[in-house]
There are 2 protein chains.
Amino acid sequence: MTDESAPIGVFDSGMGGLTVLRALEAALPGESFIYLGDTARLPYGSKSPGTVARYALQASEILVERGIRALVVACNTASAFALDALAERHPELPVFGVVEPGASAAAEAPRGASVLVLATESTVAGGAYQKAILRLRPDLKIHARACPLLVALAEEGEHEGEFCERVLGHYLHGHTAGGSVSDPAVVVLGCTHFPVFREPLRRLLPDHTVVVDSAATTAERVADALVSSGATARHPGRLTLLATDGVRRFTRVGGYFLGRPLDAVELVDL
Amino acid sequence: MTDESAPIGVFDSGMGGLTVLRALEAALPGESFIYLGDTARLPYGSKSPGTVARYALQASEILVERGIRALVVACNTASAFALDALAERHPELPVFGVVEPGASAAAEAPRGASVLVLATESTVAGGAYQKAILRLRPDLKIHARACPLLVALAEEGEHEGEFCERVLGHYLHGHTAGGSVSDPAVVVLGCTHFPVFREPLRRLLPDHTVVVDSAATTAERVADALVSSGATARHPGRLTLLATDGVRRFTRVGGYFLGRPLDAVELVDL
């Protein structure tokens, strides 16, 4: 039986998943959350699929042991490589990833349109977004671009200004020329770090381009599922933050992604 | 007893240390090397000192078990946080780091000059270069700048051109204005990824600024020590490459740093 007062577990390789947590808090007010950032082993984006799946299973155990009523994998790499294994390991829990909701939103694009996925090297190479979107809409043209500098830039807290737009432009270059075959109808933010760039991206992209924020789309998906099962909390929400390393950096940098200063972060061993 | 036909062990958190290996091969022709990149757990630069030391000790065991006659820690973060622990664990081996040789070279600066250290966030925060340079030359003014985007840029293989110079300029901004108090006499490349940017940096910096490449200075230090102990090899050299994850990416990206295509990379578990 699911304890409806139990928190929702949110797991990420690091701090980027706090953008998903932020969206979840907005979509599910009053709900409690427990967030685990596997900062000792980040980034997952440059690691092999087998290693990512092994790490994700270990991390999920920590959350499950503390008692959760749903698991949100707020990490694109782990969503791509570990979601099936996680669902199999925890058949009693609803398990949500960030790829499928983002792909569903992208699938709203007009017939034959271009979709540009901005993600980490590993997410792009694994092709999870490309496959998930094409499964829903085989007529769309999918372009995927690995943007490793954007992760570093997000963690530096440089989320606007001329230099930020120059780096964003570097990755958009060749994808937004008006009328070109690759002029994207939709840009998918396929890395949880990237929602912090929504506003400068909005300025750099044509008005007709839709920016899909997979943090927001995932939060909507989770809220829909838990509300439709009648399982939303009505008590005041609590937030517990766990990290596997570098608690001080997590507290400082994590605030960029959660959008407010972080309270105490607890160190756990993996 | 040291077996002079044994290889020199080179350890890094990932692939950046291949710039040190490249410099070592040039300084010690005919020598054999065994390189271990702890790619499963990179980057060390954002991890805590205790975790970095633990990882470095584990990695050194792999190299020592295979028989090495010297250990080069080709990682600034591990040199800063783990060198004493490594020397204590392996009293039979000469152990070299990359911080001290770079600091010694920077200490050649004119009296009262400014020195700019470009490094990872963790190396800057740990203050290893700052302390090592000031110990030798308390009169110098040390500025240290964390450059996380440069690591990503180096691994993207984007080592020249307008965008590359724009990112380098972002980190040099405020440090190179002619006549300013911080106009650096010396720029220290305090991350093993950064030697790939030596040429564009040379173009961006005034002629009077000396660029210290800690890969090159470390290789000179190792060559001096092994030659002075009469222990240089005369047989043809061999190179063994080990990585803890992502062998395919290591082979592709590592070539940027070694300056030539990589042969087979062997996967080891840590």
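A crossing of two helices is right-handed if the near helix is turned clockwise from the far one by less than a right angle. Keep that in mind for this tour of chain B in a predicted model.

**Stop 1: two helices.** Select residues 99-106 of chain B, which form helix 4, and residues 128-136, which form helix 6. Their axes come within 9 Å and cross at roughly 50 degrees. That makes helix 4 of chain B oblique to helix 6 of chain B. Put one in front of the other, and you can follow helix 4 of chain B as it passes helix 6 of chain B in a right-handed crossing.

**Stop 2: where they touch.** Now show side chains. From helix 4 of chain B, pick B:V99, B:E100, B:G102, B:A103, B:S104 and B:A106; they meet B:A128, B:Y129, B:A132, B:I133 and B:L136 of helix 6 of chain B. Colour this contact by class and you will find eight nonpolar, two polar and one charged residues.

**Stop 3: under helix 6.** Stay with helix 6 of chain B and add the strands it lies across: strand 5, strand 6 and strand 7 (184-189) of chain B. Helix 6 of chain B runs at about 165 degrees to strand 6 of chain B.

**Stop 4: the sheet.** Next, bring up the open sheet of four strands in chain B, whose order is 6-5-7-8 with parallel pairing. Strand 6 (141-146) and strand 8 (210-213) of chain B each have a single partner strand, so one side of each lacks a neighbour in the sheet. On average, neighbouring strands of this sheet are turned by 20 degrees against each other, direction ignored.

**Last stop: one strand pair.** Zoom in on strand 5 (residues 114-119) of chain B, which six bridges join to the parallel strand 6 of chain B. Select B:S114, and look for its bridge partner B:K141 in strand 6 of chain B.

Note on methods: Residues are numbered from 1 along each chain as its sequence is written. Chains are lettered from A and ligands numbered from 1 in the order in which they are written. This is a predicted model: local features need pLDDT of at least 70, side-chain atom pairs count only at pLDDT 80 or more; totals for chains, interfaces and linings use all residues. Axes are lines fitted to C-alpha atoms, for helices over the stretch in contact, and angles run from 0 to 180 degrees between N-to-C directions. Angles under 35 degrees count as roughly parallel, over 145 as roughly antiparallel, 65 to 115 as roughly perpendicular and the rest as oblique. Two residues are in contact if their C-beta atoms, placed from the backbone, lie within 7 Å. Ala, Val, Leu, Ile, Met, Phe, Trp, Tyr, Cys and Pro count as nonpolar, Asp, Glu, Lys and Arg as charged, and the others, Gly among them, as polar. Two strands pair if DSSP finds at least two bridges between them.
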